Amino acid sequence: MDIAAYDPLNETPYQILDAQGKVILDHWEQSLSDSELIEAFKNMLFVRQFDTMAISYQRQGRMYTYPPNLGQEALSVASGSVLQKTDWMVPSVREMGAWYMKGVSLKELFLYYRGHEIAQRFEQANRIMPITVPIASQIPHAAGVGYGIKFHGEKAVVLTFIGDGGTSEGDFHEALNFAAVWKVPLITVIQNNHYAISLPVHKQTASKTLAAKSLSYGMPGIRVDGNDYIAMHEVLSGSIDYARQGNGPVLIEALTYRRGAHTTSDDPKKYRTQEEEQEWEPKDPVNRLRSFLVHKNIWNPDEEAELIEGYRKEIDTQFLEAEQYPPHSLDDVFAYMFSELPPELEAQKQEYQDYLNATAQEPQK
Amino acid sequence: MKNMTMVQAINNALEIVLTENEKVVLYGEDVGVEGGVFRVSAGLQEKFGEKRVFDSPLAESGIAGTAVGMAATGLKPIIEMQFSGFSYHAFHQIINQVSRIRNRSRGRHTAPIVIRMPYGGGIKAPEHHSESMEVLYAAIPGLKVVIPSTPHDAKGLLIDAVRGEDPVVFMEPKRLYRSVKQEIQEEEYSIPIGKASVVQEGSDITLISYGASMKEARKASDTAQKKGISVELIDIRSIYPLDRSTIGESVRKTGRVLVVHEGPESYGPGAEVLTTVIDEAFLYLEAPPRRLSGFDTIAPYPQGEEWYIHTPERIVYELQRLVEY
Ligand SMILES: Cc1ncc(C[n+]2csc(CCOP(=O)(O)OP(=O)(O)O)c2C)c(N)n1
Ligand SMILES: [Mg+2]
């Protein structure tokens with residue numbers, strides 16, 4: 001796909017599958033093999049299980065605040081699948097599938113949402129930055145990673161994410177400008193899930209599309225149906241090819257819908273209607289890909305229950321591992337502030353330890 | 001009189017200032033329709049309309065910067081930073097603009113903006129949602145910094161902040177948003193910024209704190225009292241300007257002082273308070289003036305929080321050591 005040929009102002013997203021999972025294009029050559037599609041579908045199912053289980057662990061008081069991913073799985077799984085080992089990922093906060101496919105373990109994710117700082121070592125994942133909570137602050141990092149890739153003469157690309165709300169922050173604009181001026185291999189995926197907590201996207205921007213922001217910085221931009229796995233995959237692949245060939249950055253606006261709450265402490269009833277939520281149900285990415293696979297006779301939905309059962313066991317095992325992980329210690333609070341503890345911190349830690357000892361509380365490791 | 005939480009008291013104060021001054025506008029992320037993520041501005045958009053109470057795009061620098069311009073036209077903006085940890089996106093506007101407009105224009109223009117932000121730990125939230133970096137704002141020439149610890153004070157101080165002619169950073173201890181209720185007057189009243197509150201008089205030692213830590217400080221003071229230590233408990237309420245005379249007067253009486261706060265120790269508000277003690281009461285001291293604060297680390301994620309926020313037991317322990325010194 002020639003990504004530079006698309007008009008970022010076009011409000012109709014690039015789309016392959018309709019809500020029933022039928023191909024809408026007259027001439028379309030299947031861009032992914034059957035087995036790749038089945039693999040993708042399984043990954044989406046897996047991510048959905050993880051997500052729903054995370055919410056229930058939170059409800060049981062076994063995890064802290066968690067941002068549901070429900071309804072946004074196609075775009076994160078597609079993002080995870082297009083990257084090579086040498087490519088970089090710079091995360092936002094709501095594309096868990098992509099992190100998982102980059103090598104972040106479920107145990108680490110659970111530790112993160114259990115408030116344990118060890119989580120973000122992402123021990124088995126390479127070339128991924130930690131999650132950064134202040135909105136949009138990761139996009140300049142991604143542009144810098146792109147500069148580094150070029151500097152080192154690598155053929156790699158860097159993929160980063162941001163929400164529709166995040167596109168209002170200065171960091172987003174500064175970073176896109178840098179990326180385009182420096183012509184770095186950066187693909188920025190805007191997850192337009194239509195809300196930034198309570199604020200609908202039409203109050204976030206007066207622009208017709210978010211892809212349009214690419215025009216001002218001089219890079220290709222495209223709006224894609226982010227709930228259509230195949231379209232999403234094609235657009236990502238096309239963008240990565242473009243960037244990998246040294247043409248510079250690309251901006252992708254992926255249309256999706258946050259079907260759940262903003263986080264487990266949010267109640268969407270305060271700011272949106274149930275009718276609206278129901279309108280998005282049929283456009284759900286999992287159902288759409290399933291319908292496509294079933295039409296093609298390459299998927300038997302009767303087998304899903306067993307598959308899901310297995311996923312749930314695996315997820316629960318990882319959760320229990322996270323739960324049994326040694327708790328955060330006093331040492332952990334200090335250990336990573338500097339390469340070596342300065343005297344101030346040494347003294348503060350010692351003083352606290354002395355207090356614990358003096359009052360005969362458990363000494364800490 | 002009505003029993004209110006701090007959230008309700010602040011909401012009530014906002015309603016009063018929106019009513020009494022039609023130039024007041026209130027905006028920020030999720031402030032309008034949702035009424036704020038902590039529900040502090042709940043119902044105010046319904047009551048005052050979208051022109052005066054509204055949601056902004058997600059951009060803290062934009063929020064603070066537009067407030068400067070609005071103020072130039074005579075409006076009185078009250079802006080919200082969703083969490084103090086996200087206010088740094090607006091830092092250059094606050095340090096270079098909000099605090100300097102009066103001086104730069106030699107008094108011709110002013111930017112008497114009230115910047116509200118929840119701060120502090122104790123709610124088991126993710127990174128950046130728990131920190132206490134009031135010292136950053138207190139160090140900026142041209143800003144007042146206020147941190148209440150009770151519903152009554154929150155209301156009175158906020159009303160004073162909005163009526164005043166200077167920019168005020170108004171930090172709200174989110175840990176205390178709903179944990180205490182207090183009978184307060186529903187009608188308007190104000191508490192002047194810059195006056196500390198002597199919460200309890202005592203003669204053995206002065207315990208100084210503010211905001212979120214007042215919860216532990218109060219408990220500690222009660223426990224110490226039962227152990228026979230007479231504690232004078234002071235809530236400074238205003239980080240800048242600091243009520244130096246009340247601090248001095250108290251320590252001249254007790255001869256001992258412990259200051260407790262949540263943020264990092266080095267160059268923290270504790271240092272300023274203790275310098276004041278040295279200036280005002282050096283010759284009266286019977287024990288080294290002491291601070292108990294957070295570590296020079298990030299505010300740890302929930303699992304590390306228990307090491308970071310001081311318990312009443314720890315405060316009592318330090319009080320005892322100082323009294324026995
Ligand atoms: C700088 C900053 N301001 C505010 C917040 C609080 N906050 C967390 S998520 C969010 C909304 C984000 O919306 P969007 O970018 O659309 O991403 P989504 O949550 O929809 O995935 C806000 C305001 C933050 N994390 N960082
Ligand atoms: Mg969004």
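## Cavities

Let's start with the empty spaces: there are three cavities of 30 Å³ or more in this predicted model. Here a cavity is a set of points, on a 1 Å grid over the protein atoms alone, where a 1.4 Å probe fits but cannot get out. The largest cavity has a volume of about 80 Å³, where volume means the space filled by probe spheres set on the points, with points joined across faces, edges and corners.

So what lines the largest cavity? Both chains chip in, with A:Q348, A:E351 and B:F295 among the lining residues (those with an atom within 4 Å of a point). Strand β14 (290–294) of chain B and helix α14 (343–358) of chain A each supply at least two lining residues, and β14(B) gives the largest share, four residues. Helices (H or I, at least four residues) and strands (E, at least two) are DSSP runs, numbered from the N terminus.

## The ligand

Ligand 1 sits between chains A and B. Its oxygen atoms make polar contacts (N or O pairs within 3.5 Å): one is 2.8 Å from a side-chain N or O atom of A:D164, and a polar side-chain atom of A:N193 also lies 2.8 Å from an oxygen atom of the ligand. Taken alone, ligand 1 exposes 580 Å², and the protein buries 94% of that (Shrake-Rupley method, 1.4 Å probe).

## How to read this

Residues are numbered from 1 along each chain as its sequence is written, while chains are lettered from A and ligands numbered from 1 in the order written. In this predicted model, local features need pLDDT of at least 70, side-chain atom pairs count only at pLDDT 80 or more, and totals for chains, interfaces and linings use all residues, while side-chain values use heavy atoms, leaving out hydrogens and water.

Conventions: A residue is near a molecule or strand if one of its heavy atoms lies within 4 Å of it. A polar contact is a pair of N or O atoms within 3.5 Å; within protein, one must be able to donate a hydrogen and the other to accept it, and residues adjacent in sequence count only if both atoms are side-chain atoms. On a 1 Å grid over the protein atoms alone, a cavity is a set of points where a 1.4 Å probe fits but cannot get out, and a pocket is an open set with protein on both sides within 12 Å along at least five of seven lines; lining residues have an atom within 4 Å of a point.
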